[in-house]
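Me: Please take a close look at a single side chain and what surrounds it. After that, please follow the picture outward into other parts of the chain, giving the cut-offs as you go.

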Amino acid sequence: MLSSAPDITRDHAIETWFGIGGRADRFASPQSVDQLRACIEVDPNLRVLGEGANLLVDDAGVSDLVVSLNAGEFKATEFDERERTLRVGAGVDLRTLIPKVVKLGWAGLEGLGGIPASIGGAIVMNAGGTYGQISDRLTRVHALDREARTITLERGEIDFSYRHSGLNHLLITSAEFRFGEGDAIELRETHRRIMEAKGASQPLAAHSAGCCFKNPITPHDLAPLPPALPDGAKRGSRVPAGLLIDHAGCKGLSRGLCEVSHQHANFIVTPKPDSRKKAAARDVARLMLEVRAKVHDRFGITLEPEVVIWTRHDVGLDAIANDL
């Protein structure tokens with residue numbers, strides 16, 4: 001093993017925004033790229049924990065080494081104010097970075113306000129929404145592969161699309177961005193309006209992992225879905241998953257202590273972690289499976305999870321469904 005290997009703890013909690021789920025058999029917090037290389041030597045199949053905002057961990061936990069890139073080099077930021085460029089570590093919180101960029105009058109990230117994610121996690125899922133996605137201003141990604149080799153990819157080499165990057169096989173260590181010139185006051189106001197709109201439409205104060213499902217492309221014409229889609233949606237259109245879930249009658253649907261939010265149907269919420277009663281991760285999975293089935297029965301559309309699901313031996317909703 002490399003001498004720079006970080007300490008590995010046993011039976012460690014995996015912190016997620018759901019506030020539920022199992023633990024890691026092995027856990028490490030590397031401070032540098034060299035220490036991350038050492039972790040790869042310990043377990044090439046290791047899993048990277050970012051902010052835990054888009055993650056559901058099965059109650060049985062995971063056996064692979066879990067690493068948190070939440071310290072040291074992975075939290076570094078380097079601003080070049082003359083060139084309006086930024087190099088940022090994979091563990092930096094997107095929500096705390098945006099106000100810093102806005103304050104400089106740099107345009108390009110303000111539309112991502114309210115998205116909880118580390119920079120690395122946001123890039124892997126190409127996080128975004130109505131006002132843009134993180135790949136819009138990205139210029140370069142630095143990463144390690146599963147053999148601990150250094151990889152640098154230019155923006156044009158990455159297969160970005162809706163909630164997709166094709167980088168899941170890599171361990172992102174840092175990234176570079178170039179921004180447009182803007183007015184700090186106007187950018188701050190745009191950011192404020194976006195945050196206000198999200199606060200009004202989404203259960204941001206609740207414990208959830210954000211949107212559970214990706215917005216699907218409909219394989220056929222949909223009947224009108226007033227009022228949001230008064231003219232319906234034509235084949236090949238991307239439609240809001242929350243709207244489909246709502247019209248499939250899923251708002252308020254519950255399993256155990258988990259519930260489909262009444263405020264936004266694409267959110268599943270759980271009790272606060274300090275509550276006397278604690279929800280089970282498998283209840284969230286059961287609820288996701290039931291929602292998916294109801295939407296398919298109603299619209300003939302199979303929703304694809306946006307939430308990342310870790311199980312002991314695999315990932316994904318179908319993997320956990322096999323054990324239910």
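Reply:
**A serine and its surroundings**

A polar atom of the side chain of Ser 165 lies 3.1 Å from the backbone nitrogen of Leu 167. This is a predicted model, in which local features need pLDDT of at least 70 and side-chain atom pairs count only at pLDDT 80 or more, while totals for chains, interfaces and linings use all residues. Residues are numbered from 1 along each chain as its sequence is written, and side-chain values use heavy atoms, with hydrogens and water left out.

A second backbone atom is found beside this serine, since the backbone oxygen of Val 124 lies 2.7 Å from a polar atom of the Ser 165 side chain. Polar contacts here are pairs of N or O atoms within 3.5 Å; within protein, one must be able to donate a hydrogen and the other to accept it, and residues adjacent in sequence count only if both atoms are side-chain atoms. Ser 165 itself sits in the loop between strand S12 (150-154) and strand S13 (171-178), where strands (E, at least two residues) and helices (H or I, at least four) are DSSP runs numbered from the N terminus. With a relative accessible area of 1%, Ser 165 is buried; the term stands for under 20%, with exposed meaning over 50% and partly exposed in between, for a 1.4 Å probe and protein chains only. Once neighbours within four places in sequence are set aside, Ser 165 is in contact (heavy atoms within 4.5 Å) with Ile 123, Val 124, Ile 158, Asp 159 and Phe 160.

Strand S12, at one end of that loop, leads on to the charged side chains. Glu 154 and Arg 140 meet through their side chains in a salt bridge, at 2.7 Å from N to O, a salt bridge being a side-chain nitrogen of Lys or Arg within 4 Å of a carboxyl oxygen of Asp or Glu. Glu 154 belongs to strand S12 and Arg 140 to strand S11 (residues 138-144), so their pairing ties together parts that are 14 residues apart in sequence. Both are partly exposed, Glu 154 with a relative accessible area of 34% and Arg 140 at 26%. Through salt bridges that share partners, Arg 87, Arg 140, Glu 154 and Glu 176 are joined into one network.

In the whole structure, the search finds 23 salt bridges. Among them is that of Arg 95 with Glu 51, whose closest N and O atoms are 3.7 Å apart. This pair links distant parts of the chain, 44 residues apart, with Arg 95 in helix H2 (residues 94-103) and Glu 51 in the loop between strand S3 (47-49) and strand S4 (55-57). Arg 95 is partly exposed at 32% relative accessibility, as is Glu 51 at 21%. Arg 95 also meets Asp 93 in a salt bridge, at 2.8 Å from N to O, and Asp 93 is buried, with a relative accessible area of 8%.

The backbone deserves a brief remark as well. Most residues other than glycine have a negative phi. Asp 11, in strand S1 (residues 8-13), has a positive phi near 50 degrees. Arg 84 likewise has a positive phi, of about 55 degrees; Arg 84 is placed in the loop between strand S6 (77-80) and strand S7 (85-89) and is partly exposed, with a relative accessible area of 25%.

As for cysteines, a disulfide requires a pair of sulfur atoms within 2.5 Å, and by this rule the count comes to zero. The sulfur of Cys 212 is 7.9 Å from the closest cysteine sulfur, that of Cys 211, which is too far for a bond, and Cys 212 is buried at a relative accessible area of 1%. Cys 258 is in no disulfide either, the nearest cysteine sulfur, in Cys 212, being 9.8 Å away; Cys 258 is buried, with a relative accessible area of 1%.

The last part is an open, antiparallel sheet of three strands in the order S15-S16-S17, where two strands pair if DSSP finds at least two bridges between them. Strands S15 (254-255) and S17 (268-269) stand at the edges with a single partner strand each, so one side of each is left without a neighbour in the sheet. Strand S16 (residues 258-260) pairs with S17 over two bridges in the antiparallel sense, and Val 260 has Ile 268 in S17 as its bridge partner.
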